[in-house]
Structure formats: C-alpha cells, structure tokens
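Welcome! Here is a short briefing to read alongside the structure, arranged by topic so that you can follow each point in the viewer.

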Amino acid sequence: MKETPVSPDETLASMEGVITDLFYWVSIALMISIHAGFLAYEMGASRSKNVLAAAMKNLLTFAVVTATFFFFGWWFYNAFFQFPVGAIDAATAALPWSDDMGPNLTSVTGIFWGAFALFAATTGSILSGAVLERIRTSAFLVLTTVLGSVVWIIAAAWAWHPNGWLLTEWGWHDFGAAACVHLVAGAFTLGVLMNLGPRIGRFVGGQAITIRPHNLPLTMLGLMLIFIGFFGFLMGCVVYTNTGYLSIFGNPTTLSAIAFSTLMGLAGGIIGAYVSSKGEPFWTISGGLAGVISVAPGMDLYHPALAFIIAAVGGMLIPHFGRMLEKFEIDDVVGAVAVHGGCAFYGLVVSGFVLWGYPNVPIDGFGTPPEVNPLGQIGGAIVIAVLGFVPGYLLSLGLKKMNMLRIPAEVELAGLDLSEVPATPYPEGIPITTLKEQDAVLASDDSFDPTDQEVTV
C-alpha cells in the first residue's frame, strides 16, 4: 500500500512544532540550574551546623511546589487573569484530570506548564534563603506551597497573562517577570520575616551583629549558577513563533535584545554593588542578580547602555536596602527582600518613566491596551506587593500563634542538622567555624537572654 505523501507545508508545520517544544524544553533544563544555585547559595550562607537543613529545604521546595502547581496552581493562572476572577470558565483545560493535563502528544501544554512550574519553585527558593536557620521545615513547606502555587500564580495571571487586567486596563509592561516572580516573593518574604523574628544573636542591644556565612565561596558559586539559570528563565519569558519572538504581551522582540540587557544588567549590577558596598563580596555578587531584576521590566526594549545604567543603580541600592531592614531588626539572611523585592520595585518605577508612551499591541476581544505609563507601572507594582505581603504576613502570623512557625531556641543554638537531618555534612570532622563559638559566647553571656528574641519554644 502506498503511503500518502506529506506536503511541504505539513512538514514545515511539524518542524515548527518540534522547535517550539525544544525551545521551552531547554528553558526548563536551564532553569533547574537556578535551583542548584539556590541550594549552593543557601548552604554557603548558613553556618556549618545548618548546612544540610538548608539543602533539604531547597530540595523539598522544588518537589512540593512542582506537585502542587500541577494539581491546582496552573488552574489559578488560567482562571484569574481578569479581576477579581472573571475568567474561571476558561480554566477547565487546566484541571488536573483534563485531557490537556495528560500525555497528549499533540499539545505543548506540558512544556508551558513545566516552565511555569519552575517559575513557581523559584519564588519558594527566594523565600527559603531569607528564613534560614530558624524556621520549622513543616511551616516553610506550608508557606512555600501557598506562595508558589497560589499567590505567585495569581500575580502572574494579573501581571503576566497576555490578557491580564493590569495590561488591558493599565498598560502594564513587565517582560522579565520582575513583579510576578521577584516582587511578589520579596513582599511575601517580608511578611513572613516580620513574624519569624531574627536568629538568636543577630541583634543585641539594638545593634546588628554580623553572622557570617560558613562558606562564602560556595555562596558566590551558587549565585553564578543562578546567573546561568537566568538565561533559561528569560527564555521562558519569550513567546516563540515560527516568524520570530514576542514578549508575553505580544510586543515583537529578539533574543539579541534579551542577551544585551541580561549581560549588561549583570555587569552593571555587579559594578554598582561593588562600589556601594566598598568591595564586600556577598553584596558584590548579589549585585548581578539585582541588576538583572532591575532591568527585567523593560529588558526587551532598553538600549544596552541604558540597561547598564539602570542595573548599576540597582546594584548600588541593595546594601542600603539591607541596612534599612536591619534598623527594624528584620533578619534576611541572604538579602532576598532587598534584592528581589527592592530592586523589582525600583525597576518597575523606572520603567514607567523610561518607557512612557510605548504602545501596546491590540488584544483579540480586549481592544488596544493603554500605552506604558508611570501610573500603570507604579500602581501595578503596589498591587503585586500588597498581593504578596498580606498572605505572607497573615499566614505566618497564624502559624506563629499556633507555635508552628519557629524551631525551639535550644534547637536553634545546637543547629538544625542535629534535629532535622539524619546525616552530617562533614563526617571527617572539619572544624566548626568561630561562628558556633560565637553562639556559645552569646548563650553564656549574662546580658544575653534568648527569650528576648521571641523564639517559640
């Protein structure tokens, strides 16, 4: 029997489908290096007595958020892009038992879902670093599930869906997800930190005491891995078509534009943070992350030189954001609120003025959105910050009232690895750093009372 010949058009359509799948498949693989980076970053930032607890928390973040994002997170994205609900009927295809959420060989849903699941897990990793060394694992998993599979995806539905109300009503533009990933996670984290309280010994007599990471080189290596992963993250922010690339909002763009802004953002942020922190290594390398986040809202449109300047200012700001939090005795171990929350807000405000008047493309069924404008960008940033902060604060407050948020003081002093992980990170007996000795001094100091730290026992 003769086979029916395949037309050139059918062959081309098949190839285009394969290339689309491969594009997002690669972005997922690269984004996993973000989580490898966060794991190394947080292990290095912890003291040696908490290394494995930090690692396990990152592994569980990845696993728990991926699972919960399948069962209900993806539904929120498809149901809530109009305010306050409006589009729930359109989300039936995202229910876990629908045909689109199974092994459908003709659908790219799994590829898109996978990319968004990795975005969701990233928000949990942002929270994870800030709350190191004193949160209960169970409480953290509750918080990261709500952040990664409910709060962030509602923010994405409003701020990142191609029909999201911030775009259709306010002219919103945020190519690189500065708001719905970084700002919402930073604001949620701030709410949690206000209830969690600082590590024992972090603030004594109203003075901030530096608790140094046990392995700063590992922390710096972790951030370099995050930089690699950001190229996958930004691939996931692009809509690939056979005729070119679009932003999530339908504006034409190119990978060339994204490469310029990403690399100049990394360079500008590192240099800015180096100058501002007077060469302090942790803030300097964190400046790379700050720089990319600062240019994320308009990185598809910025000139490379402009991206460098915006990023350099963002890098300069983060040490000041960190010191501002210290004045309120908020203990953010890795500077997540400053880097992710502070720089995202700064970048969104700047983009409103720099991109003022840039036209948005028409949307089927919604007409032509307003042009990019300062009120839309600033107003949207405030909306997303409130959306993140309120549930983070209220949920952590509830856990605190039930004595479920924080580990007991004696466990914190001894180290979480002893109580929560059935293994030891350094079986050969690598010497414990002076940081553990510092804990012992603080614990034996008559003027220091651990109960003043509001630790739930």
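Where in α4 is the kink centred? The kink is centred on L147, and the bend there is about 35 degrees. Please keep in mind that this is a predicted model. The points below start with that helix, then turn to charged pairs and aromatic rings.

**Helix α4**

- Helix α4 covers residues 137–159, which makes 23 residues.
- At 1.5 Å a residue the helix should span 33 Å, and the 30 Å between its end C-alpha atoms agrees with that.
- Most of α4 is covered, with 18 of its 23 residues buried.

**Salt bridges around D331**

- Across the whole structure, a search finds 7 salt bridges.
- One of them joins R134 to D331, where the closest N and O atoms are 4.0 Å apart. This pair links distant parts of the chain: R134 is in the loop between α3 (109–130) and α4, while D331 is in the loop between α10 (304–327) and α11 (336–354), 197 residues apart.
- D331 also meets the side chain of R202 in a salt bridge, at 3.2 Å from N to O. Because R202 lies in the loop between α6 (178–196) and β1 (203–204) and D331 in the loop between α10 and α11, this pair ties together parts that are 129 residues apart in sequence.
- Are R134 and D331 buried or exposed? Both are buried. For D331 the relative accessible area is 1%, which is under the 20% cut-off for buried.
- R202 is buried too, with a relative accessible area of 9%.
- Salt bridges with shared partners join R47, E133, R134, R199, R202, E326 and D331 into one network.

**Another salt bridge to look for**

- R406 forms a salt bridge with E412, and the closest N and O atoms are 2.8 Å apart.
- Both R406 and E412 are buried.

**Aromatic rings**

- The count of aromatic pairs comes to 28.
- Take F116 and W160 as an example: their ring centres are 5.6 Å apart and their planes are at 50 degrees, so the pair is tilted. F116 lies in helix α3 and W160 in the loop between α4 and α5 (165–170), so the two tie together parts that are 44 residues apart in sequence.
- Both F116 and W160 are buried.
- The rings of Y240 and Y245 make a tilted pair because their planes are at 55 degrees, with the centres 5.4 Å apart.
- Y240 is buried, with a relative accessible area of 17%, whereas Y245 counts as partly exposed at 22%. The cut-off for buried is under 20%, so the two residues of this pair fall on opposite sides of it.
- One aromatic cluster is formed by F69, W74, Y77, F116, F119, W152, W160, F230 and F233. If you have already found F116 and W160, you can use them as a starting point for tracing this cluster.

**Charges over rings**

- What does K57 lie over? K57 lies over the face of F140, at 4.8 Å from the ring centre.
- The charged end of R202 sits over the ring of F203, 4.9 Å from its centre. R202 is worth a second look in the viewer, as its side chain also meets D331 in a salt bridge.

Key
Residues are numbered from 1 along each chain as its sequence is written. This is a predicted model: local features need pLDDT of at least 70, side-chain atom pairs count only at pLDDT 80 or more; totals for chains, interfaces and linings use all residues. Side-chain values use heavy atoms; hydrogens and water are left out. Helices (H or I, at least four residues) and strands (E, at least two) are DSSP runs, numbered from the N terminus. The expected span of a helix is 1.5 Å times one less than its number of residues. The bend at a residue is the angle between axes fitted to the seven residues ending there and the seven starting there. Buried means under 20% relative accessible area, exposed over 50%, partly exposed in between (1.4 Å probe, protein chains only). Rings of Phe, Tyr and Trp (its six-membered ring) pair if their centres lie within 6.5 Å; planes under 30 degrees apart count as stacked, over 60 as edge-to-face and the rest as tilted. A charge sits over a ring if NZ of Lys or CZ of Arg is within 6 Å of the ring centre and within 35 degrees of the ring normal.
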